[in-house]
Amino acid sequence: MIDIHAHILPGLDDGAADIEEAVEMARIAQRSGISAMIATPHCNLPGTYDNYFGKSYIDSYNQTVEAVKKAGLSVQILPGMEAFGTYDLPDLIVEKKIMPLNQSRYILIEFAFDENPDYVADVLRRVKAVGAKPVIAHPERYEFVQDNPLITREWNNLGCSFQINKSSFVGRFGQRVLNTAFDLLNMGVVTVVASDAHGVEVRTPSLHDAYDVLRKTCSDYELAILFHDNPLRICENKQVMKKRV
């Protein structure tokens with residue numbers, strides 16, 4: 001498995017508190033069968049975390065990669081960010097302040113849970129216009145998607161991908177999020193399942209719990225797409241696969 005959304009870099013956001021926790025997160029990931037994880041600290045979050053690409057990011061990333069290797073772990077730590085969808089995000093991408101997922105054209109983007117869907121569509125179109133490929137982080141948690149899951153088909157037609165949190169499939173965020181996650185899965189718009197890990201006790205990087213839930217409704221082919229094939233394609237900057245019906 002490959003995890004494209006994990007807050008493992010210490011000292012940058014509300015993820016790993018220190019390098020020791022970062023190493024333990026990597027250890028948990030490896031034990032659960034994850035071979036690579038993309039480090040995605042919050043970025044461009046107004047009034048909270050700027051975290052644009054620069055020395056602080058590079059130092060934290062290099063320190064984490066070195067510490068994971070020194071701990072004897074084989075899980076790869078790849079670069080990335082979870083960028084907040086502000087109006088100027090397309091400009092920030094052009095200015096190379098946003099680290100794409102493993103330096104591909106795929107950008108992991110999150111929005112406010114109560115955002116206006118017309119605003120979201122506008123940002124996504126303009127991100128696409130500068131040559132980036134939006135990967136919408138945890139759409140099942142957005143109120144406007146919960147109200148109307150069919151809206152994701154419009155964004156899917158724009159060429160957007162959708163990353164669902166593993167915790168959503170096990171009910172950690174409540175019944176409405178759980179229902180919406182399965183609605184999107186049944187619609188065939190889900191591209192990848194990722195951990196959105198923030199620590200070693202709550203919201204951990206293990207993907208096994210969601211995998212075990214989804215194996216009851218998904219074929220082995222679909223599970224491979226969600227947990228390995230599409231994450232790998234994103235890392236390699238290749239076209240993601242759609243659900244086969």
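**Exercise 1. The three-stranded sheet**

Work out the strand order of the three-stranded open sheet in this predicted model, and find its edge strands.

*Solution.*
Step 1: Trace the strands side by side. The order is 1-2-4, and the pairing is parallel.
Step 2: Look for strands that pair on one side only. Those are strand 1 (2-6) and strand 4 (76-79), the edges of the sheet.
Step 3: Check how the neighbours are turned. On average, neighbouring strands here make an angle of 25° with each other, direction ignored.

**Exercise 2. Strand 1 and its surroundings**

Describe how strand 1 pairs with strand 2, and say how the chain gets from strand 1 to strand 2.

*Solution.*
Step 1: Start with the pairing. Strand 1 and strand 2 (residues 36-39) run parallel and share three bridges.
Step 2: Put residues to it. Ala6 has Ala39 of strand 2 as its bridge partner, while Asp3 sits opposite Met37 in strand 2.
Step 3: Follow the chain. After strand 1 the path goes through helix 1 (residues 19-31) and on to strand 2, a β-α-β crossover that is right-handed.
Step 4: See what covers the strand. Five of the five residues of strand 1 are buried, so the rest of the structure largely encloses this strand.
Step 5: Find a helix packed on the sheet, back with the strand 1 and strand 2 pairing over three bridges. Helix 10 (residues 220-235) touches strand 1, strand 2 and strand 4, and its direction is at about 65° to that of strand 1.

**Exercise 3. The six-stranded sheet**

Give the strand order of the six-stranded open sheet, then look closely at how strand 5 pairs with strand 6.

*Solution.*
Step 1: Read off the order. It goes 3-5-6-7-8-9, with parallel pairing.
Step 2: Pick out the edges. Strand 3 (42-43) and strand 9 (192-194) each pair on one side only.
Step 3: Zoom in on strand 5 (residues 82-84) and strand 6 (residues 106-110). They are parallel and joined over three bridges, and Ala83 has Ile109 of strand 6 as its bridge partner.
Step 4: Add a helix. Helix 4 (residues 117-129) packs on this sheet by touching strand 6 and strand 7 (133-137), and its direction makes about 145° with that of strand 7.

**Exercise 4. Aromatic rings**

Classify the ring pairs Phe53–Tyr57 and Tyr57–Tyr61.

*Solution.*
Step 1: Decide what you need. A pair of aromatic rings is described by the distance of the centres and the angle of the planes.
Step 2: Count what's there. The structure holds seven aromatic pairs.
Step 3: Take Phe53 and Tyr57. Their ring centres are 5.9 Å apart and the planes stand at 55°, so you'd call this pair tilted.
Step 4: Compare the surroundings of these two residues. Phe53 is partly exposed, at 37% relative accessible area, whereas Tyr57 is buried, at 4%.
Step 5: Take Tyr57 and Tyr61. The centres are 6.2 Å apart with 5° between the planes, and that pair is stacked. Planes under 30 degrees apart count as stacked.
Step 6: Place that pair in the chain. Tyr57 and Tyr61 are four residues apart in helix 2 (residues 55-70), so about one helical turn separates them. Tyr61 is buried too, just as Tyr57 is.
Step 7: Look elsewhere. Phe113, Tyr142, Phe144 and Trp155 are linked into a cluster by ring pairs.

**Exercise 5. Charges over rings**

Which residues lie over the faces of Tyr52 and Tyr87?

*Solution.*
Step 1: For Tyr52, go to Lys97, which lies over the ring face at 5.8 Å from the centre.
Step 2: For Tyr87, go to Arg126, which lies over the face at 3.8 Å from the ring centre.

**Exercise 6. Buried or exposed?**

Sort Thr64, Thr152 and Gln103 into buried or exposed, and look at where each one sits.

*Solution.*
Step 1: Thr64 belongs to helix 2. Its relative accessibility is 0%, so Thr64 is buried. Leaving out residues up to four places away in sequence, Thr64 touches Leu9, Pro10, Ile19 and Ala22.
Step 2: Thr152 is part of helix 6 (residues 151-157). Thr152 is also at 0%, so it counts as buried. Beyond four places in sequence, the residues Thr152 touches are Val145, Phe162, Leu184, Met187 and Val189.
Step 3: Gln103 is in the loop between helix 3 (89-94) and strand 6. With 60% relative accessible area, Gln103 is exposed.
Step 4: One last distance. Gln103 and Leu78 are 25 residues apart in sequence, and their C-alpha atoms are 8.9 Å apart in space.

Technical notes:
Residues numbered from 1 in each chain as written. Predicted model: local features only at pLDDT ≥ 70, side-chain atom pairs only at ≥ 80, totals over all residues. Heavy atoms only, no water. Pairing = 2+ DSSP bridges. Helix = DSSP H or I, 4+ residues; strand = E, 2+ residues; numbered from the N terminus. Axes fitted to C-alpha atoms, helices over the stretch in contact; angles between N-to-C directions. Contact = heavy atoms within 4.5 Å. Buried < 20%, exposed > 50% of the residue type's maximum accessible area, 1.4 Å probe, protein only. Right-handed = clockwise from strand over helix to strand, strands pointing away. Phe/Tyr/Trp six-rings, centres within 6.5 Å; stacked < 30°, edge-to-face > 60°. Lys NZ or Arg CZ within 6 Å of the ring centre and 35° of its normal.
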